[in-house]
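Thank you all for coming; I would like to walk you through one structure this morning, taking it a piece at a time. Please have a look at it first, and then we will go through some of its details together.

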Amino acid sequence: MQRTIVFMKHCCFVLIAMCCYLIAGAQQKELTNQVKEQLILEGSEQAIVLQVEINGDLNMVYLGPKLLHSSDYRRLASQYKQADDYTGMYRAAYTGSGSRNLLEPAISVRHADGNQSLDLKYLNHEFITVNHNIGELRVLLKDALYPFEVDLHYRIYQKENVIEQWATIRHHEKGAVELVKYSSANLNLKADNFWLKHYHGDWIKEMQPEEEKLTHGIKTIDSKLGTRANLFQHSSFLLSFNGPAKEDEGSVLIGGLAWSGNFKIDFEKDPQDNLRILAGINNYASTYILQKNEEFITPKFVYTISDQGIGNASRNLHNWARRYQLLDGGGSRLTLLNNWEATYFDFNEDKLSSLLKDTKKLGVDLFLLDDGWFGNKYPRNSDTAALGDWEENREKLPNGLVSLVKEAASNGVKFGIWVEPEMVSPKSELYEKHPDWVVKQEGRPEYYFRNQLVLDLSNPKVQDFVFKTLDDLFVKNPGLAYVKWDCNAVIYNAYSPYLKSQGNFYVDYVKGLYAVLERIRAKYPRIPMMLCSGGGGRVDYGALRYFTEYWPSDNTDPLERIFMQYEYSFFYPTLASANHVTDWGDQPIKFKVDVAMMGKLGFDIVVSKLPKEDLAFCQQALKTYDELKPIIWQGDQFRLANPREKDYASILYVNENRDSGVIFNYLVNYRQNTGTPVPIKFKGLDPVKSYRLEEINLYNGESSLINPGETYTGDFLMKVGFNPYLSSKRKSVVLKLTAVS
Ligand code: DGJ
């Protein structure tokens with residue numbers, strides 16, 4: 001029997017069910033010899049087909065573009081024969097271990113009696129309509145011998161073409177079961193060859209891409225850092241089929257694990273040339289003890305596939321994120337002035353008063369007070385003390401934050417604050433009072449990362465403390481309008497004085513973190529919060545459910561940022577990218593502002609030291625940004641030129657009606673005679689519309705090489721293109737696109 005569920009826009013479930021019934025009837029005869037049943041989940045562009053074999057195995061036999069005729073999926077049964085597959089495990093939808101499977105398992109357990117085998121068989125399934133746009137297939141698998149079960153979840157966002165996969169694991173054995181490995185997803189893909197683009201990095205060097213052809217065996221991307229899990233490797237990746245990834249053509253899969261802790265993603269090219277992707281929490285030092293009748297719900301593995309290249313796949317993810325994942329993804333953001341690089345730890349009320357005035361003068365919405373405002377017994381005058389002692393330092397701020405928040409309001413700006421609530425300094429009152437709240441191995445030397453240690457968030461008392469830190473700030477300062485949540489240390493000496501099973505630690509830490517964030521969001525659902533981890537050490541879709549934006553990197557040299565922002569743009573929508581203009585880099589202010597505008601604009605400069613002309617430029621640019629930000633934040637993004645392939649980068653944002661757009665063009669190679677020798681072809685426009693192109697963000701009084709009166713058809717701009725005339729004298733050019741007919 002074949003079951004299909006197609007989530008049509010605005011169609012009603014009854015109608016779907018009737019269609020399925022008709023299809024199922026037509027397929028039954030042809031499938032019975034080989035396959036018991038096919039379970040088909042379709043979005044508007046993609047489809048997953050699972051197959052229940054006669055012996056009860058559940059296989060993933062298709063993940064790819066949706067077929068025109070649902071009846072064609074039955075052909076899959078004959079295209080991939082079981083005869084090629086000695087044990088029937090190559091295409092398992094969730095591969096167990098210790099039985100007939102000898103490939104990398106999705107799940108591996110030690111039963112209550114010590115036995116290590118698992119062989120999961122199909123028991124039942126259901127299609128769930130979450131709403132008109134979201135459908136979910138849930139399949140229950142059960143071990144043939146043990147009372148051990150796994151629910152596989154496949155959730156599809158029809159319009160956005162995004163799939164979330166996760167597993168719910170439970171058992172009814174006599175004692176506890178050890179989960180040795182517990183992936184979120186196990187995908188099986190077929191192609192002649194596969195190319196993987198993945199990311200490595202470090203502090204001020206985030207999102208460095210590498211692309212390679214996958215060979216037989218296993219390629220793994222993973223993290224064992226615990227907290228800043230994405231610092232060395234990023235948990236999102238780009239996979240392309242039959243050649244390196246291309247922007248507008250070819251089949252690609254973009255995916256990532258929505259989890260802010262250790263992750264492990266294995267890409268196994270098996271002897272049959274299938275590519276098996278096993279994505280989930282890293283089981284490194286994490287054999288998880290699961291008690292009888294408890295449930296273990298894995299994080300979601302989020303992905304989209306496209307047969308029109310990575311541009312389309314990115315837009316899928318951006319749309320999904322803005323609508324369903326990123327906090328307030330459809331909303332607005334605050335421009336701000338941050339004082340980190342302007343003052344570091346050295347400030348007092350007078351200095352801050354003048355910064356508040358500068359905030360207003362510059363024309364941004366909010367002043368963000370960074371690190372250094374707290375600690376009395378051990379004042380926070382450097383990064384060596386006071387984390388955990390979240391009380392205003394009485395010398396620096398004798399009148400407390402309350403007076404600053406009020407003063408900000410009287411200056412007509414909002415006020416935000418920096419915190420790093422998961423951390424503790426060895427030199428702090430908190431550590432003196434609660435040494436048992438700290439992650440460390442008794443009897444071993446303490447190892448510090450940025451002179452600090454991590455609090456044990458698996459402990460509910462610590463969770464209460466972290467929640468209270470934030471809650472107190474909001475309660476005492478009702479006008480507080482923004483939080484920057486930092487996380488600067490990785491976990492050394494992983495050990496929880498609270499937990500009985502140390503194998504649960506890394507997982508329960510993240511669960512504890514999410515529990516705190518849930519509580520904060522339940523009480524303060526809309527306060528904007530920046531996700532920072534000494535830069536981009538923790539940018540992932542698990543965390544972004546609670547945050548409105550992320551800090552890509554402490555490296556704010558605009559030239560470096562062009563490359564990083566470009567890479568982040570594959571996965572995350574631009575309104576989530578906090579881009580600040582700082583003193584990093586020796587480029588003129590125009591270049592810095594132009595680069596920071598490609599996202600959520602902010603500043604971290606000494607406004608009073610800006611030359612008059614530079615200040616005037618920034619003030620004007622902020623007004624321009626105000627007008628354009630709806631397009632940059634909510635429009636569709638089209639990458640026109642990749643800075644790693646050309647001497648320049650070019651990115652276009654266009655609104656849904658295709659009548660307004662912005663194009664950012666940046667020169668990235670400053671050698672002689674570089675520039676844009678040929679026009680840059682636009683994308684995503686309406687070919688029959690005429691557009692006026694106008695250069696904006698011109699530095700005071702400078703004239704443009706581009707005639708603002710000229711109009712071009714969308715057809716011309718997409719087929720021939722437009723030359724922004726980048727050169728060593730025009731290193732960045734921002735163009736505004738307006739449809740005139
Ligand atoms: C690391 C962050 O990335 C910086 O922006 C700043 O907030 C410092 N921490 C403060 O300690």
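Let me begin with a single residue, Gly255, which has a relative accessible area of 2% and is therefore buried. Before I go further, please keep in mind that what you see is a predicted model. Gly255 has its place in strand β15, which runs over residues 252-258. If you look from Gly255 to Ser353, the two are 98 residues apart in sequence, and from C-alpha to C-alpha they are 45 Å apart in space.

Next, the aromatic side chains. How many aromatic pairs does a search of the whole structure find? The search gives 45 of them, and I will show you two. One of these pairs is formed by Tyr284 and Tyr506, whose ring centres are 6.1 Å apart with 35° between the planes, which makes the pair tilted. Tyr284 lies in the loop between β17 (275-281) and β18 (288-290), whereas Tyr506 belongs to helix α9 (residues 505-523), so this pair ties together parts that are 222 residues apart in sequence. As for their surroundings, Tyr284 counts as partly exposed because its relative accessibility is 38%, while Tyr506, with a relative accessible area of 9%, is buried.

The other pair I have chosen is Phe591 with Tyr666, and it is edge-to-face, with 6.3 Å from centre to centre and 70° between the planes. This pair, too, links distant parts of the chain, since Phe591 sits in helix α11 (residues 589-596) and Tyr666 in strand β33 (residues 660-667), 75 residues apart. Both Phe591 and Tyr666 are buried. Helix α11 itself is mostly covered, with eight of its eight residues buried, and these include Lys590, Lys592 and Asp594 alongside Ile589 and Val593.

Staying with rings for a moment, Tyr284 has Lys224 lying over its face, at 5.8 Å from the ring centre. In a similar way, the charged end of Lys396 sits over the ring of Phe347, 4.9 Å from its centre. There is also one aromatic cluster whose members include Tyr157, Trp320, Tyr541, Tyr566, Tyr568 and Phe571.

Tyr566 and Tyr568 bring us to helix α10, as both are among its buried residues. Of the 11 residues of α10 (residues 558-568), 10 are buried, so the helix is largely enclosed by the rest of the structure. At its N-terminal end, α10 is capped by Asp557, which places a side-chain oxygen 2.9 Å from the backbone nitrogen of Leu559.

Finally, let us turn to the ligand. Which residues are closest to the ligand? They are Asp370, Asp371, Lys484, Asp486 and Asp554, out of 13 residues that surround it. Sorted by class, this shell around the ligand holds six charged, four nonpolar and three polar residues. Looking at individual contacts, Asp554 has a side-chain N or O atom 2.4 Å from an oxygen atom of the ligand, and a polar side-chain atom of Asp371 lies 2.6 Å from a ligand oxygen atom. Arg450 also takes part, with a polar side-chain atom 2.8 Å from an oxygen atom of the ligand. Taken alone, the ligand would expose 290 Å², and the protein buries 98% of that area.

That is where I will stop, and I am happy to go back to any of these places.

Methods. Residues numbered from 1 in each chain as written. Predicted model: local features only at pLDDT ≥ 70, side-chain atom pairs only at ≥ 80, totals over all residues. Heavy atoms only, no water. Phe/Tyr/Trp six-rings, centres within 6.5 Å; stacked < 30°, edge-to-face > 60°. Helix = DSSP H or I, 4+ residues; strand = E, 2+ residues; numbered from the N terminus. Buried < 20%, exposed > 50% of the residue type's maximum accessible area, 1.4 Å probe, protein only. Lys NZ or Arg CZ within 6 Å of the ring centre and 35° of its normal. Near = heavy atom within 4 Å. Polar contact = N/O pair within 3.5 Å; in protein donor to acceptor, adjacent residues only side chain to side chain. Areas by Shrake-Rupley, 256 points an atom, 1.4 Å probe, with all protein chains shown as cover. Nonpolar A, V, L, I, M, F, W, Y, C, P; charged D, E, K, R; others polar.
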